[in-house]
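Dear colleague,

I am passing on the structure we spoke about, together with some notes on its salt bridges. Please look through it before you read on.

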Amino acid sequence: MAQGPVSPDPGRDEEPARGAGEPGGTPDEGWRELPPSGEDWLTEEEWLEWLASVEPEDLPEEDEDPENDPGPDDPARPGTARSRARGAKGTSPGQGTSPGQGARAGQGARAGQGARVVKGSRRGPGQPGSARRIPGESPGPVGAFGTGQLLDTAPGGPVVFGQAEHAAGDDGRFAGATDDELTGIICGLDRAEAAACALKHAAVAELIRRNPDDGCALEGPAQMPATYEEFTEAELAAALAETRQAAAGMLDLAHDLETKLPGTRAAFRTGVLRLSKVEIIARAVASLTPDEARAAEALVLDRAGRLTPGGLRSAIARAVIEVAPGKAQKRRETEQRNARVQRWMEDSGNAALMGRELPPADVLAADQRITWWARQLKKAGLDGDMDQLRALAYMDIMLGRDSRPAAPARPDAGQHPINPEPADGGAASGPDCTSGPGSADGTDGGPDSTDCRPDGTDSGPEGDGPHGPADGGSGPTPPAGPGQPPTAGVLPAGFAGRLHLTIPLATLLNLAGRPGEIAGLGPIDPALARDLAASAAANPISTYCVTVTDEQGHAIGHGCARPEPKNHTRTGHDPPTGHDPPGGHGAGLRPGFTFTASGGDGPPGGYGAWRLSTGVPGRPDLLIALDPIALETCDHRFEARGHDPGVKLRHLSEIRHATCTGPTCRRPAQQCDFEHNVPYEAGGRTCLCNAGPKCRHEHRLKQDRRWKVEQVTPGTFRWTAPSGRQYTTEPTRYPI
């Protein structure tokens, strides 16, 4: 999560060279004067000397030094000499982390390593005008953890840990720390913990170097063997009292960090990434070569530290597909052969059951079926929240039982319980899809993308559309009573539900191999995205939308497809007579999407009018007018007159932010409230510039008087916590 911006005031005084305690000024009691320097930065040795000179005065007890730093010239400093008992397997000269990457492996007690603030941000020691402290901003070790202060931005390491330990005091109560400073201490300790864990993995990497497998030489820039000796994991497991599997995982991660993920290793060592996030990246690039892995990590490292684990998992998966789409497809197909069902005992004494490596489309269909049956159980009067009812529904479906206490009323003959209109011949009909994945919601970094919903409906603020929640809920006919469990023909074969598939137009048109994405699951490889889109095209009730994105993947334009009027319909897709369709043998076996300009001007300020064809014989073309989406400015063209938004306004809001606008929430926007940032009753507009999706929890959080939420631009929300720290959420980044 991104922390709040540093104050725009750089901390300079009107006359920085004439302040108390600065060169040319009059020293006051309590201020220390630095020697004049023509450079903006201290050297590393000068920086350490500065720390040593001011720390005794900063601490309330003059005889206590939480760092206990021996100084840069102490010959007994850890890491200055390394045992060479196994010299043949040791590190070659020049190996190790560069001096600028925080406290290096083997130099853990070196105070201040990497603790300087980045040039261009708030001034630190040695920069012009910074020799005196600014009253009220950083009065001591605790104040240095305040927002944007030195220890709040310093890399994790012994300096941050030592100052936090001193701030805790003997009772561990952090006396004198404000909420903001206490939050800074928590974040600093999180970075210090990550840095220590990174150092542990660096030591594990050295263990690998000293125990290469037979015939494996130290190679590459990291001087690592391809594999390690067979029983190395046994030694590590015994030392840590861990399982061999856990020890093997630690060895593999240490090896990958050295050989494939240098950027991730550096972020790990400075505390930007904690272990759980490092493992997410390492697992995602497991099938890539070192060069491919480095290219993938480069696509996410700029924001990996502020992404939630779920957000990072999606981002790195998308990056892997972009770098090596063929390998992503091969890995999916290979791992499907490892499909399995696992069971185990929970700590509580209950049990768990889980399917692994299953086809994504089948998983979504099954999940929708579970949700639908859970709603039937709720309608029948069973107690419990949706999690409990979904678990019960899951077991009902698996065991072929019906847990409803009483049978619901039988629907009238010839009527569908969801669509009551009689079907032709009196047979039940409805939104059920018996072919195709259900929908295709495409997005592109170029001009467009597609969105199809087989049920053609929108959910309300709670995500309770006629087919249940937005993430699922199919429309099968409910069984007549307990005698007909949810496995007895309740759900037709095929995809019967609601699916949002996001696919770049270039991928849809077979012009590129960019990743798609399934809402609720995550990124998918181009081959699977095309297969699902083709399956959706075969379903006549699939609907499509097209989204225009900027270079960062933010939605800037959007349009929903509508069939071309009958008096202008150009079907023209029926194959001519003959043996083979145009283009040669097999060219017409699956739909072929095309996307062309329709010749119209489109909405004012928008992105034109377009024609989408699925290539399915006999289907009319679809017309799409691309409206602009407000990101930086708003012309209020979609503003509603009253409190409630119109269908289009709500839809555009959910396209701009596909998930809740809370700082760490990833609940789909279709399951969120359309929330006015400035209340409608207080004069707030019902418009894109004053609204966004918020789940009920974040909605209540915003209404708490201690929190403040500002919509600084139509697409950007800034949350201010009670501590004063600020967190910013941006619009959704779609595949580009």
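Is Glu710 buried, partly exposed or exposed? Please keep in mind that the model is a predicted one. Glu710 has a relative accessible area of 22%, and because buried would require a value under 20%, Glu710 counts as partly exposed. Arg718, with a relative accessible area of 24%, is likewise partly exposed, and the side chains of Glu710 and Arg718 meet in a salt bridge with an N to O distance of 3.2 Å.

This pair belongs to a wider set, since a search of the whole structure gives 27 salt bridges. Salt bridges with shared partners join Glu206, Arg209, Arg210, Glu258 and Arg265 into one network. Within that network, the side chains of Glu206 and Arg210 form a salt bridge at 2.9 Å, N to O, and both residues lie in helix H4 (residues 179-210), where they are 4 residues apart, or about one turn of the helix. Glu206 has 10% relative accessibility and so counts as buried, whereas Arg210, at 22%, counts as partly exposed.

A further salt bridge is made by the side chains of Glu564 and Arg611, again at 2.9 Å, N to O. That pair links distant parts of the chain, with Glu564 in the loop between strand E9 (562-563) and strand E10 (594-597) and Arg611 in strand E11 (residues 609-613), 47 residues apart. Both Glu564 and Arg611 are buried.

With best wishes

Terms used: Residues are numbered from 1 along each chain as its sequence is written. This is a predicted model: local features need pLDDT of at least 70, side-chain atom pairs count only at pLDDT 80 or more; totals for chains, interfaces and linings use all residues. Side-chain values use heavy atoms; hydrogens and water are left out. A salt bridge is a side-chain nitrogen of Lys or Arg within 4 Å of a carboxyl oxygen of Asp or Glu. Helices (H or I, at least four residues) and strands (E, at least two) are DSSP runs, numbered from the N terminus. Buried means under 20% relative accessible area, exposed over 50%, partly exposed in between (1.4 Å probe, protein chains only).
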